[in-house]
Amino acid sequence: MSKKINTFDIDGVINMGVHDGVYPGPNDIIITGRSVEETPETEKLLSIKGIENDVYYNPLPFDEKTRESSGKHKGKTIASLEERGYTIGIHFEDDPIQAEEIRKIVPHVNVVLLQHDLVEKENVRHIL
């Protein structure tokens, strides 16, 4: 049986700087471009927002990840989730470069692009 979910980026989707963004439902999955090295501050941010969803981090070290590699990580993660029986309804993303990379890997998945300038799209740490 297929498990229907949506997937969410963090920065620019869930977290829009000083604003709350679009939050995942209880069974949805977060796929972030944040490096696994950023786990502590990410867990703190999500805890403050009351979000307890599963999070898939970019496996690359912080200093090596790019917007393109983050998009590829998200596309591969979505493909892996599909292989495990999930049906992805929508992936919510704010970065057009990452959205393009996701679409190259899983062109059948709806990528909803939230366009704004509320957060930095380049590689920055989010220490709380």
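Visitor: Before we look around, what counts as a nonpolar core here?
Guide: A nonpolar core is a set of buried Ala, Val, Leu, Ile, Met, Phe, Trp, Tyr and Cys residues joined through side-chain atoms within 4.5 Å. Keep in mind that this is a predicted model.

Visitor: Sure. Which residues touch the most other members in the largest core?
Guide: Ile29, Ile78, Leu81, Tyr86, Ile88 and Val106, out of 13 residues in that core. Two or more residues each come from β4, α2, β6 and α3, and α2 gives the largest share, with 3 residues.

Visitor: And what does Leu81 touch?
Guide: Leaving aside residues up to four places away in sequence, Leu81 touches Thr7, Ile29, Ile31, Tyr56, Tyr86 and Ile88. There is also a second, separate core of 11 residues, with Ile30, Leu46, Ile51 and Leu114 among them.

Visitor: Switching to α3, which of its residues are buried?
Guide: Gln98, Ala99, Glu101 and Ile102. They sit on the same side of α3, because they cover an arc of only 160° around the axis. Their cover includes α2, β6 and β7.

Visitor: What caps the N-terminal end of that helix?
Guide: Asp95 does, with a side-chain oxygen 2.8 Å from the backbone nitrogen of Ile97.

Visitor: Okay, charges now. How many salt bridges are there?
Guide: The structure has 8. One of them pairs Asp9 with Lys74, at 3.0 Å from N to O. Those two are 65 residues apart, Asp9 in the loop between β1 and β2 and Lys74 in helix α2.

Visitor: Is Lys74 buried or exposed?
Guide: Buried, because its relative accessibility is 0%. Asp9 is buried as well, at 4%.

Definitions and conventions
Residues are numbered from 1 along each chain as its sequence is written. This is a predicted model: local features need pLDDT of at least 70, side-chain atom pairs count only at pLDDT 80 or more; totals for chains, interfaces and linings use all residues. Side-chain values use heavy atoms; hydrogens and water are left out. Buried means under 20% relative accessible area, exposed over 50%, partly exposed in between (1.4 Å probe, protein chains only). Helices (H or I, at least four residues) and strands (E, at least two) are DSSP runs, numbered from the N terminus. Contact means heavy atoms within 4.5 Å. The arc is that of the directions from the helix axis to the C-beta atoms. A polar contact is a pair of N or O atoms within 3.5 Å; within protein, one must be able to donate a hydrogen and the other to accept it, and residues adjacent in sequence count only if both atoms are side-chain atoms. A salt bridge is a side-chain nitrogen of Lys or Arg within 4 Å of a carboxyl oxygen of Asp or Glu.
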